[in-house]
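Q: I would like to go through this structure with you. Could we begin with the side-chain packing?

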Amino acid sequence: MNVLKFGGTSVGKVEPLLNVKNIVCSRDESVIVVVSALSGITDRLLEAASMAECGDESYKDAYDRIRERHLTLIEDLHTATGDCTVTASVTAAVEAGLQELRALLDGVFSLKVLPEKTRCQIVSFGERLSSLIVTNLIPDSRRYDSLEFIKTTVKDGRTVLDSEITDSLVKAAFAGLKGASDKQIAIVPGFISKDSATGEITNLGRGGSDYTASIIAAALDADALEIWTDVDGFMTADPRIILTSYVIDELSFTEAMELCNFGAKVIYPPALYPICPKDIPVLVKNTFNPGAKGTVIRQQVHHKERAVTGISSIDDACVLTVSGTSMAGIVGVDSRIFSALARYNISVFLVSQSSSETNISLGVNAKDADLACKVLNKEFALEISEGSMSPVQLLKDLATVAIVGEKMKSNAGIAGKLFSVLGRNGISIIACAQGTEERNISFVVEKKFLRKSLNVIHDSFFLSPYQELNLFICGIGTVGGNLISQIAGQKEKLMKENGLKLNIVGIARSNRGIFNREGIDLSTYREQLAQQPTLDLDTLRNEVIGMNIFNSVFVDCTASAEVATLYKDFFEHGISVVAANKVAASSDYDNYAALKALAHKRGVKFLFETNVGAGLPIINTINALRNSGDKILKIEAVLSGTLNFIFNTISADIPFSRTVRMAQEEGFSEPDPRIDLSGKDVIRKLVILSREAGYKVNQEDVKADLFIPKEFFDCTMEEFWQKLPSLDADFEQRRKRLEAEHKHWRFVARMENGQYSVSLQEFKSDHSFYVLEGSNNIILLTTERYNQHPMLIQGYGAGASVTAAGVFADIMSIANI
């Protein structure tokens, strides 16, 4: 025999009530059905009682709404079932109960007094009325009055279950049900009870219907307890926050209790106490989706490939800190704290104490925080006045998160991984606690970081079906546009083969931006951008930081010095940066070093592989050599794909001026090709490589030999293009000489013995730099290990597609793919 409990949402409307009927009637064996009040009715009853106590005549309106809710539901059930006989009988029974309720409310209004026993009487009508409706809806069912067998007593001023008497009365009440040859259906109102000594109506507290069902299941040694609610079961995290959360198939009793105590409102925690010792399994099911598998709670579970089973949270927490030098080594301070709070029924859900015993932090619900602070300041008033203790510190607007799992016990590294991933995402821990059973690690963060905390934990402990990176892409020119296309083309493959979801949550260009934490439709992003208001730098910064989303990466595909100034703020907020933009890495050395140090300190990445050589693995190779103990002695490189393209393309048929125009048209050069022709771009690249090789160098330290007269760089772009053909004859004359001598031009960057230079040089056919096609780059690294035979890296060094691919590779390295 099973005991089934249906919550308020399951009995509050016609559709779920008909599901309840079908679920119960489909059983072949006898069942006991425990029901809650209609959803929201308990609160309405308490509200009406409070109005009446205060002399507020609107209690009558509140009563009328309660009456209408029940009678309307009966009428709607009649319409749905067509059974007028049932409608008439249940209406009469419910009306009788409502009249009794009205009389109680009138009495409270007259006396302006609301004794606790009267409050309990009033609130009991929720379950008493709903059970009448359910009994009349389900054929051949019989209503059992739980006031006759669920008994309470008073202990230490609190109403608690009178377990011994209740157990015997439940067994007597249902003696003929279990093992009966014919199917029987018992309907029981949950929540309500009676004092075993006085006979006054009491209740089992909020969530008491779960408790009622559990008490009955334990007393009768039921085969299972079924909790029917409005969710598919216990979820790995709050589905309203974590869209990728999913139903947990199995939980141990301990795991379920831990999750419920920290905010997972699936089942009332005390409901697990009676059935846990008897190992009666609990099945959590969804009335609105009866076919869903649900969650099974039992002593021994068979899942557990992962250490962390689920995540739970409380979003209205506060932390009190009691501190003072007089606390150290003094016996009884903790006792005074908890005794003082207990006198005012203030519950503490988290305790964290320093080993020096000079302070203790307590997690309490926000509604109790101010009172708790006042109580403790009064308790330690003498010590505070003497200066041996400080006034109680109260921190508000906090949230508490708990990760739970049976396999966390003795599983080294769980706490380290937890705090590491939170730190990398810029989330600071205010307080934390873990018991010796090691099934729960709880911590407190600022409330604004709750969503981010849950997401990063869910993602990092593989509770999500895939790892997520949330990308902000700034710049949608040739590189940024290609990157977005590449991501869109690879997105499904990465999710399927690598378990990685790249979620583009922000796209910005010079004066427009779109931001959506759920992800942007990449097929229409340009149209969306066109419809957005003007975007300035501060707004861009605030949008990226303000989204406060986990595993964030800012991807800079611009050449903007202004955008590069945002990196510091991003690092401070736990946001990694991938930059095709060379400005930051080639800026003043102190700024470069500070950014690198800050990223390292904050546990985020600052990657700029494409600053040199587009998609070639040059910077990564230099870092790998240095990290393995090698030292870079000399760098010789052809680093300008633009200049290489120009000097490989120039010929008798294609003059110098035309090659420059072609480089711009084909996307090899900067928008202003003079940046390339001046050697400025190569200087920046040499500075970046030299810094990554371990040398302190600024752009001013690089000697540059120009191959174009200075006046070409001091005019407007229009004048530049007009004057450029005047150089063609000279270049053609020099080109013919090179051709005759079997030589090629290469614009070379060099670092050696503290000297840095860029210049146009000539190379014979026996040199590595001679055979360099198109826009390719080539680099020679002479190191302590690679001394006689330098390491050579060669390949495409320019072009939007390969640069975008290099940026993509940096993004993937952040995901460790």
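A: Certainly. Outside its neighbours within four places in sequence, Phe 707 is in contact (heavy atoms within 4.5 Å) with Leu 643, Phe 647, Phe 656, Leu 677, Phe 731, Phe 747 and Leu 760. This is a predicted model, in which local features need pLDDT of at least 70 and side-chain atom pairs pLDDT 80 or more, while totals for chains, interfaces and linings use all residues. Residues are numbered from 1 along each chain as its sequence is written, and side-chain values use heavy atoms, leaving out hydrogens and water.

Q: Which residues have the most contacts inside the largest nonpolar core?

A: They are Ile 403, Ile 457, Phe 554, Tyr 567, Phe 656 and Phe 707, in a core of 108 residues. A nonpolar core is a set of buried (under 20% relative accessible area, 1.4 Å probe, protein chains only) Ala, Val, Leu, Ile, Met, Phe, Trp, Tyr and Cys residues joined through side-chain atoms within 4.5 Å. Another core, of 47 residues, lies apart from it and includes Val 31 and Phe 125.

Q: Turning to strands, how many bridges join E27 to E28?

A: Ten bridges join E27 (residues 743-752) to E28, and the two run antiparallel. Strands are DSSP runs of E with at least two residues, numbered from the N terminus, and two of them pair if DSSP finds at least two bridges between them. His 744 has Phe 763 in E28 as its bridge partner.

Q: And what is special about the hairpin, where does a positive phi occur?

A: Asn 753 takes a positive phi near 55° in the hairpin of E27 and E28, which has two residues between the strands.

Q: What does E26 pair with?

A: Strand E26 (residues 702-704) pairs with E28 (residues 755-764) in the parallel sense over three bridges. Within E28, Ser 757 stands opposite Lys 703.

Note on methods. Helix = DSSP H or I, 4+ residues; strand = E, 2+ residues; numbered from the N terminus. Buried < 20%, exposed > 50% of the residue type's maximum accessible area, 1.4 Å probe, protein only.
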